[in-house]
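User: I would like to learn how to read a model of this kind feature by feature. Could you take me through it, giving the general idea and then the case at hand?

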Amino acid sequence: MPKETTTEDVPIVKQKNTDEAVEAGLARLTPERIKTTINQVLENETGPKFKAYVETCMHCGLCAEACLYFLSNDRDPSYSPAGKVKQTIWEMLEKKGDVSTDFLRRAVHIAHTECNVCKRCSMYCPFGIDIAYLMLMVRRICHKLEITPLYIQDTVNSHSATMNQMWVKEDEWIDTLQWQEEDAREEFENLRIPLDKVGADIMYSVIAPEPKFQAGLIYQAATIMHAAGIDWTMPSSPGWDNSNMAMFTGDNEISGRIARAFYETAARLKVKRIVMGECGHAFRSIYDVGNRWVGWAMPPFEVVHAIEFYHQLLTSGRITIADKYKKTVTLHDPCNVSRGRGLHDMAREVTNMVCDSFIEMTPNREHNYCCGAGGGVINCGPPYKGERMINNRVKAEQLKATGAEVLIAPCHNCHSGLEDIVHHYDLNMEVKFLGDIIFETMEKKIFNPGD
Amino acid sequence: MNAFIAFIMGPMVWIAFLIFILGLIFKLVVIIKDVNARESYVYSYLSVKYSLRSIFAWLIPFFPQSTRQSPVFYAISYIFHLLLFIVPVFLMSHIVLVNEAFQLSWFALDDTLADILTVIVVLALVFFAVRRQTVPEVKYLTSFNDYVLLIIVALPFITGFLAYHQFFFYRQMVIAHVISGELVLILIPFSKFSHMVMAPLTRAYMGSEFGNVRHAKDW
């Protein structure tokens, strides 16, 4: 039986979850500290853009239609994008930072677990107001008040200590890559996962969950690189993980360190370009966010997401598909690479090149609904999982309407978030990466240099 | 009383227009100085091409997805905003005043048509007010000030309509009409009415980010 969102579920949401880090943080706060911190951020860390967004909003409510939280919660106005700004920024401004800990408990909940900073609402605001930016400003304030939710704060702590988000130690990282290489060599003789190869064409980038518990994805990527005869490398030193959770907690300083370490690793290896595996927000962190903090208008390297890379491999014939994938598939457009990078049409072309029957979901492309996991929401962890399921009912309905057997999600966050949605709503779909299907269907060529 | 009328119909008109125009210029100068001082990175992304692309896309009726999902609101809103300019600028009695002062004249609306259009403007404002009361997500955002804005815009149209028809208190109505018209002009730079110049700016920036960086549409 599908777990419908019944009225019995509503109180769970209304009660608004919290966690020990938020509570401990709130207990430490004094009214003076709250006021000083809020005003410091609003006065010194914002500028005319923030002012224009707040002053220009006409309270028309048209952004509501864009938001998966609003739509999934039976059009409850407190979940509308501007409604979330009202409950956070407007009140902070109105009270000049003099807000209570109860207010902050609500604010941290809204900014961290009721907004994916997906920017869909900016496409529904007639003025193009960047509400996601305002929510990130609330997270910045929460960071400075040290009331960031526990699980996501842990990933930032990990970044700070290890430069990756999952406490992967340096030797574990190298060991995992070599283990995958060894395994893959049983299938493809001569296959290498070249570490620290200076001057390689491509530096391939993965996020910490891959070595931690999805090492098979590194295996797959290596076989695709091998079959295509790509001159590639992966760094052995810290600086390989650009999943940058700090950019979602408003810890801009650590976020900047992560981005800088990443670019410097690429620079040290003198690679021509960076290929980012199927992760949306890691792509965003080096394509759109980290570069700005480090001081580059656009990334200092050519940054290519897996979708674009697969597209190049397939259209240039460097990999060929032996037998197209037979099951019916639908495609989820991750915010950070469709609305964030315009790769949605390429993703469709790749899907059609490797799959027999592709069913479109609606809405799609730039207008696709977020998976509900992105923007750091899933990273707030188990305390918030129940409401994350309820908050994205609209995604479940959208997926169900396709009737497809397989759901392609070319993004780690989307993949995990959608797995949860599929299970919670009993959608009976398999969630796959594009790379999974390419690996399954491609001709497993053994590449010999010179071929 | 005559001196007061002479003032509000003479120098005050000048003052209102000056505050309106200089106020908007001042607002723009402050923003540009502020951007230069604090957020000069904006220029790294701002592009004329993508700014205009976004602004024009949003000017085409029912082209953006959002406008198609709320067709009634947008239809009324488009008409309202157009009439807000068309009715006062092309009203015969306004043109006559300008002609007396500067010997300038231009195309004028038929008086009956102008009368109907005035009623449409007021009805649109009533629609906005009712919408603020009845649509939950709008009601949630609405504060007292939002109604004040609607009333301030409605006043010159209502008083103008009543004065034209000379139903009652003709003289007082004309005075109220002139004062409320001047009030709107004066308030534009210093209230949410400034979205008249701010909206194209925010649209331009978002349009540039979507065009330049995101390579995606923003409509």
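User: What average pLDDT does chain A reach, and what share of the residues score at least 70?

Analyst: Confidence is the place to begin, since this is a predicted model. Chain A averages a pLDDT of 95, with 96% of the residues scoring at least 70, while chain B has a mean pLDDT of 96 and 100% of its residues at 70 or more. For the complex, the predictor reports an ipTM of 0.95 together with a pTM of 0.94.

User: Over which residues of chain A does pLDDT stay under 50?

Analyst: That stretch is residues 1-13 of chain A, for which the model has 11 contacts beyond four places in sequence.

User: How should I read the strand order of a sheet, and which strands of the E6, E5, E7 and E8 sheet in chain A stand at the edges?

Analyst: Read the order across the sheet and then look at its two ends. In chain A, one open sheet of four strands is ordered E6-E5-E7-E8, and its pairing is parallel. Strand E6 (355-359) and strand E8 (430-432) of chain A each have a single partner strand and therefore stand at the edges, with one side left without a neighbour in the sheet. On average, and with direction ignored, neighbouring strands of this sheet are turned by 35 degrees against each other.

User: How many bridges pair E5(A) with E6(A), and which residues are partners there?

Analyst: Strand E5 (residues 325-331) of chain A pairs with E6(A) over four bridges in the parallel sense. Within that pairing, A:Val329 has A:Phe358 of E6(A) as its bridge partner, and A:Thr330 has A:Ile359 of E6(A). When reading such a register, keep in mind that in a regular strand the side chains alternate between the two faces of the sheet.

User: What links with E5(A) and E6(A) to make a β-α-β unit, and of which hand is the unit?

Analyst: Helix H17 (residues 344-354) of chain A makes the unit with E5(A) and E6(A), and the unit is right-handed. Another helix to view against this sheet is H20 (residues 412-424) of chain A, which lies across strand E7 (406-408) and E8 of chain A and runs at about 175 degrees to E8(A).

User: What is the strand order in the sheet of chain A that contains E1 and E3?

Analyst: The order is E2-E1-E3-E4 in chain A, again for an open sheet of four strands with parallel pairing. Strand E2 (232-233) and strand E4 (302-305) of chain A are at the edges, so each has a single partner strand and one side without a neighbour in the sheet. Strand E1 (residues 202-205) and strand E3 (residues 273-276) of chain A run parallel and are joined by four bridges, and the bridge partner of A:Met203 in E3(A) is A:Ile274.

User: How do the axes of H16(A) and H21(A) cross, and which residues make the contact?

Analyst: For a helix pair, take the axes before the side chains. The axes of helix H16 (residues 306-315) and helix H21 (residues 434-441) of chain A come within 11 Å and cross at roughly 25 degrees, which means that H16(A) is roughly parallel to H21(A). A:Ala306, A:Ile307 and A:Tyr310 of H16(A) make the contact with A:Leu434, A:Gly435 and A:Ile438 of H21(A); by class, these residues are five nonpolar, one polar and no charged.

User: Which backbone values in chain A deserve a second look?

Analyst: The general expectation is that most residues other than glycine have a negative phi, and that most peptide bonds are trans. Here the peptide bond from A:Thr362 to A:Pro363 is cis, with omega near -10 degrees, and A:Pro363 lies in the loop between E6 and helix H18 (385-390) of chain A. A:His59 has a positive phi, near 60 degrees, and sits in the loop between H4 and helix H5 (68-72) of chain A.

User: How many helices and strands does chain B have, and how many residues does each chain give to the contact?

Analyst: Chain B has 12 helices and zero strands, and its C-alpha atoms fill a box of roughly 60 × 40 × 35 Å along the principal axes. The contact takes 39 residues from chain A and 38 residues from chain B. On the chain A side, helix H4 (48-56), helix H6 (81-94) and helix H15 (280-294) each supply at least two residues, with the largest share, six residues, coming from H4(A). The residues on this side of chain A divide into 15 nonpolar, 13 polar and 11 charged.

How values were computed. Residues are numbered from 1 along each chain as its sequence is written. Chains are lettered from A and ligands numbered from 1 in the order in which they are written. This is a predicted model: local features need pLDDT of at least 70, side-chain atom pairs count only at pLDDT 80 or more; totals for chains, interfaces and linings use all residues. Two strands pair if DSSP finds at least two bridges between them. Axes are lines fitted to C-alpha atoms, for helices over the stretch in contact, and angles run from 0 to 180 degrees between N-to-C directions. Two residues are in contact if their C-beta atoms, placed from the backbone, lie within 7 Å. Ala, Val, Leu, Ile, Met, Phe, Trp, Tyr, Cys and Pro count as nonpolar, Asp, Glu, Lys and Arg as charged, and the others, Gly among them, as polar. A crossover is right-handed if, with the strands pointing away from the viewer, the path from the first strand over the helix to the second runs clockwise. Angles under 35 degrees count as roughly parallel, over 145 as roughly antiparallel, 65 to 115 as roughly perpendicular and the rest as oblique. pLDDT is the predictor's confidence in each residue, from 0 to 100.
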